[in-house]
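Here is a chain to work through by question and answer. Keep the sequence and the coordinates open side by side.

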Amino acid sequence: MAPRIGWGRKHVPMAASRAGDALLVHPRDALDDRSRAFAAGLPPDEGNALVVLDLPADSGRAAWRQVASLLEELEGPLRMVPGRPPDEDTRTVGQWFADRLGRTVLLPDGTLRVARGGALYVAAEEGSGWLRFSPDASPVRVSQRYPAPVWEPLVPERPWRVSERTVVEPLPAGMWVRVTADAPDLAAHRQRLVAAVQPRRDLLPVAVGSPGGEPVPLRDVARYWDSVRIAARPLVRFFQYGPVDAARPEPLGQSLADLLDRPVDCFNGLPSGTWHRTETHVLDGDGKETWHAFAQEVRFHPRTAPGAPAPAPKVLAHRRPPTDGDEVAPGTYALESGAVLEVVQSGLWVRPAAVPEGAEAVRALPPDPHRASLLHSVVPPDSERRLRELAHRVLLDLDAETRALSLVLPAPGPAAPEDDRSPGGTVPGLPPSVPDPDTEARRPAGPPPVPAGTVASSSPRTVSAAAGGLLPPRPVPDGLPEPTAEAAGRFAAAVPPAPEDPPDRTGPAGTEGPPAPAAGVTPAARLGPGTTGREAASASLPAGEAGPGAAGPEGAGPSTERPDEPAGPPGAPSAAGPVPVLLTGDDALLNGLVDPAGEEERTGAPAVPGAPVERSSSLPVPSPAPSGVRVQPVPPSGTRTVAETDELDPARAELRTSFGADYDTAAGSVLRTLSEVPGLRGPSGDGERAVADLTAARLYLTGTMPELDRELRAGTPGTRPGTARCVVAGLRRLPSYRGAAIMRTDLGDAEFAWFRGRTTVVDWSLTTALIRVDPSQQGNTDLLFWAATARRTALLDRAFPTRVVFLPETRFTVLAVREDGGRRSVWLREAAAGEAAAEGGGTGGLQAADQAALVGLEQAVEKWAADTGRPSGRPAASLPYRPTAPGLVTAGGDGSGT
């Protein structure tokens with residue numbers, strides 16, 4: 001429990017000391033080590049000054065005044081963490097501090113529970129949670145949890161039933177699906193989940209079952225999934241904590257995927273760790289943590305037909321194995337020439353670089369709770385000895401704890417039937433690996449255990465009760481003590497049991513680039529590298545657009561609404577109209593964003609996310625091109641990429657069908673982005689369309705549509721022009737960019753001369769550029785753009801944080817075509833829709849807008865040349881699509897470019 005703070009009338013001089021990210025207020029002559037450890041272990045609060053109150057008993061309102069005096073020098077809002085609710089009403093105390101200090105104060109109403117990582121939680125049945133007090137204003141409820149995860153507004157606050165025998169209980173870190181009957185040590189298992197599961201802001205852990213209790217019916221787990229709000233589904237990660245009643249003994253994720261007929265994401269054990277480090281520990285049959293898994297999150301796919309082999313699960317997240325080799329594929333690392341190390345469910349797999357036969361069987365092996373399997377391929381036979389030796393080397397490089405629980409084993413071969421595998425991964429008939437007394441760990445004695453992640457069959461199964469108490473707490477990095485029951489002492493919260501009979505609310509069923517060019521050439525040829533943005537990874541999450549249980553695209557099927565849930569995520573657009581994209585902070589990714597007024601100024605129409613931009617009706621017709629130059633043709637009217645958003649509904653439905661699992665993965669990432677930037681949704685009621693459009697855009701940006709660029713440039717966007725329209729609609733929802741951009745490409749002599757003879761160029765495809773120079777770009781020509789409404793793509797794909805994309809039918813004014821010292825450059829300005837469209841030769845002089853753009857580009861060139869930093873993100877050379885000059889079908893002079 002948090003520190004017992006008195007609010008009596010004893011006057012004790014107070015002082016304040018810094019403890020981690022918190023300010024600890026305590027008696028001047030008595031700084032308690034346990035209180036300091038608790039305060040130091042609390043996670044930082046980005047928006048408020050964190051204050052922990054350790055006040056003596058019977059200190060009275062005199063202590064309030066002392067505390068207020070100590071806090072006057074702090075800036076901004078305050079989050080105050082008392083050890084226990086004051087004797088006076090929480091609202092009285094919070095309002096007194098808010099009025100006295102003249103600022104916002106957050107104070108918890110109810111009993112605080114301390115969870116792993118210092119997270120704080122107030123159960124709904126024990127109080128209102130965190131309240132925000134402002135001077136001369138009524139208090140406002142903020143959250144139950146600190147830090148508040150993104151999924152909290154989307155989940156129920158109190159325990160509720162999904163069936164007569166199964167209840168869903170909220171926990172500080174997520175949810176717990178268990179049977180309602182009294183199970184052995186139920187309170188101890190609840191406390192263990194509170195203390196062991198690390199809360200995560202962007203993932204929703206769901207524990208299933210209770211060790212020693214009755215098996216949870218699999219259909220009740222499916223009913224819980226059906227009740228989860230669509231926006232929260234991509235965040236859900238199941239993990240099996242106790243027995244589950246299913247038709248066959250296999251991992252929970254596979255059984256659930258088959259029942260729901262959709263992919264299911266799971267943790268590969270119990271998700272622990274800290275705020276700074278993710279860990280997943282495999283669980284044994286008693287729910288106890290064993291070894292530290294390499295595969296942390298796993299996606300299971302449904303069988304294609306009843307009785308068919310289960311598809312191999314996909315590892316979504318992993319911890320890096322002990323190798324210095326590059327990651328040549330997700331979860332796969334180079335060992336030496338011709339061999340790689342792959343992270344699999346059961347541990348690690350040393351195999352040839354070319355995926356051998358039987359790979360699906362290896363990847364499908366569930367983890368053995370008593371050992372980590374270090375597998376080596378036995379095919380091809382002439383490589384088996386070398387691969388086994390490499391496996392032993394990897395074993396030696398493991399940390400001592402993992403090495404002691406690891407065993408080198410031969411991987412199952414291609415002919416091994418699924419039913420013949422032992423849980424640990426060995427296959428009868430394969431020769432065992434030759435033990436090395438110095439490097440190979442021994443398997444624990446006893447019969448082969450059933451993996452903890454395996455559901456029970458429909459027949460009864462005995463599960464022993466958990467033995468022992470909580471595992472020792474893992475320290476927070478930098479030596480800060482973990483605020484667990486032992487570390488916090490009187491700060492540790494005693495977790496009371498949840499109501500055993502909740503209300504019956506049965507739910508419905510980069511690498512460094514080459515050196516910069518030498519000096520002595522034109523500014524465009526001296527462009528050096530620059531930096532901007534931040535490096536970030538994009539979790540691939542399962543789709544939430546059309547989750548299981550929905551009968552069709554319109555969402556027909558079981559209702560997922562519950563009475564106490566909010567109508568949508570915080571910040572969701574209301575019926576009053578579109579919500580602009582509001583992005584704050586000093587994020588360098590957002591430099592150069594223009595407000596919606598910029599789009600209105602350019603097009604003469606309001607900038608509503610997702611609405612088509614009206615361009616000039618008199619788009620120029622290209623004049624005949626010289627020999628050797630392939631100019632983009634004007635596409636037929638039926639294949640144009642501009643369409644009204646409500647005309648795209650059939651194309652959106654086709655998109656989901658065409659891209660299958662790739663669509664699900666991209667949609668999951670999009671849903672997380674929408675939770676952070678709800679303004680991307682556009683007008684109220686446009687949420688589903690926004691998800692589909694943005695998902696299409698992400699699929700294009702990440703290289704899943706390699707043919708789209710080629711088809712757009714050729715004027716024939718394939719057999720599905722609706723796909724291109726969805727991509728464009730999704731890109732149009734993104735923030736726009738005004739300023740300088742660059743892209744390098746190869747232009748032949750005829751193509752370069754073609755630009756020299758023109759005043760305007762229309763591009764009917766998607767033109768990519770960067771807002772900083774990347775030395776990895778290759779090409780003999782610099783294309784310099786002055787952008788007005790190019791779209792920033794970092795919100796959808798942060799691998800390339802400096803990328804911008806010009807939408808199809810963008811017209812560019814040719815400002816200059818230069819050649820100096822063998823280096824070529826073409827200077828372009830994005831033209832507004834209202835400007836006169838003219839093609840052909842003749843300069844006609846520069847307009848004021850052209851002159852301003854030319855000055856801006858020259859200034860950008862000088863700035864880029866002086867910037868010696870390395871751009872963040874992946875190198876531009878690894879962009880999924882080859883850059884092509886606007887207006888041309890191909891580039892490179894030979895007409896063979898793609």
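Q: Is leucine 387 buried or exposed, and what is its relative accessible area?
A: This is a predicted model. Leucine 387 sits in helix H8, residues 384–397. The cut-off for buried is under 20% relative accessible area. Leucine 387 is therefore buried, with a value of 0%.

Q: Which residues does leucine 387 touch, not counting residues up to four places away in sequence?
A: Leucine 387 belongs to helix H8. Residues up to four places away in sequence are not counted here. That leaves Ala339, Val350, Arg351, Pro352, His376 and Ser377.

Q: What distance separates the C-alpha atoms of leucine 387 and glycine 338?
A: Along the chain, leucine 387 and glycine 338 are 49 residues apart. In space, their C-alpha atoms are separated by 10.0 Å.

Q: Is glutamate 297 buried or exposed?
A: Glutamate 297 lies in strand S22, residues 295–300. Its relative accessible area is 10%. Buried means under 20%, so glutamate 297 counts as buried.

Q: Which side chain joins that of glutamate 297 in a polar contact of 2.9 Å?
A: Leaving aside neighbours within four places in sequence, glutamate 297 is in contact with residues including Leu203, Cys266, Phe267 and Lys314. Arg237 is also one of its contacts. The side chain that makes the 2.9 Å polar contact with glutamate 297 is that of arginine 237.

Q: Why is helix H5 largely enclosed by the rest of the structure?
A: Helix H5 covers residues 218–227. Its buried residues include Leu218, Val221, Tyr224 and Trp225. Asp220 and Asp226 are also among them. The helix is largely enclosed because the buried residues number eight of the 10.

Q: Where is the kink in helix H12 centred?
A: Helix H12 runs over residues 649–676. A straight helix of 28 residues would span 40 Å, but H12 spans only 25 Å between its end C-alpha atoms. H12 has a kink of about 110°. The kink is centred on glycine 660.

Q: Which residues of strand S35 are buried on its two sides?
A: S35 covers residues 803–806. In a regular strand, side chains alternate between the two faces of the sheet. Both faces of S35 are covered. On one side the buried residues are Arg803 and Val805, and on the other Val804 and Phe806.

Q: What is the bridge partner of threonine 768 in S35?
A: Strand S33, residues 767–770, is joined to S35 by four bridges, and the two run antiparallel. Strand S34, residues 781–792, also pairs with S35 in the antiparallel sense, over two bridges. There, arginine 792 stands opposite valine 804. The partner of threonine 768 is valine 805.

Q: Which are the edge strands of the open sheet S6-S7-S10?
A: The sheet has three strands, with antiparallel pairing. Two bridges join S6 to S7, and arginine 113 has tyrosine 121 as its bridge partner in S7. An edge strand here pairs on one side only. The edge strands are S6 (113–114) and S10 (145–146).

Q: How many contacts does the model have for residues 457–622 beyond near neighbours in sequence?
A: The chain averages a pLDDT of 74, and 69% of the residues score at least 70. Over residues 457–622 the pLDDT is below 50. Beyond near neighbours in sequence, the contacts of this stretch number 409.

Key. Residues numbered from 1 in each chain as written. Predicted model: local features only at pLDDT ≥ 70, side-chain atom pairs only at ≥ 80, totals over all residues. Heavy atoms only, no water. Buried < 20%, exposed > 50% of the residue type's maximum accessible area, 1.4 Å probe, protein only. Polar contact = N/O pair within 3.5 Å; in protein donor to acceptor, adjacent residues only side chain to side chain. Contact = heavy atoms within 4.5 Å. pLDDT = per-residue confidence, 0-100. Expected span 1.5 Å × (residues − 1). Bend = angle between axes of the 7 residues up to and from the residue. Pairing = 2+ DSSP bridges.
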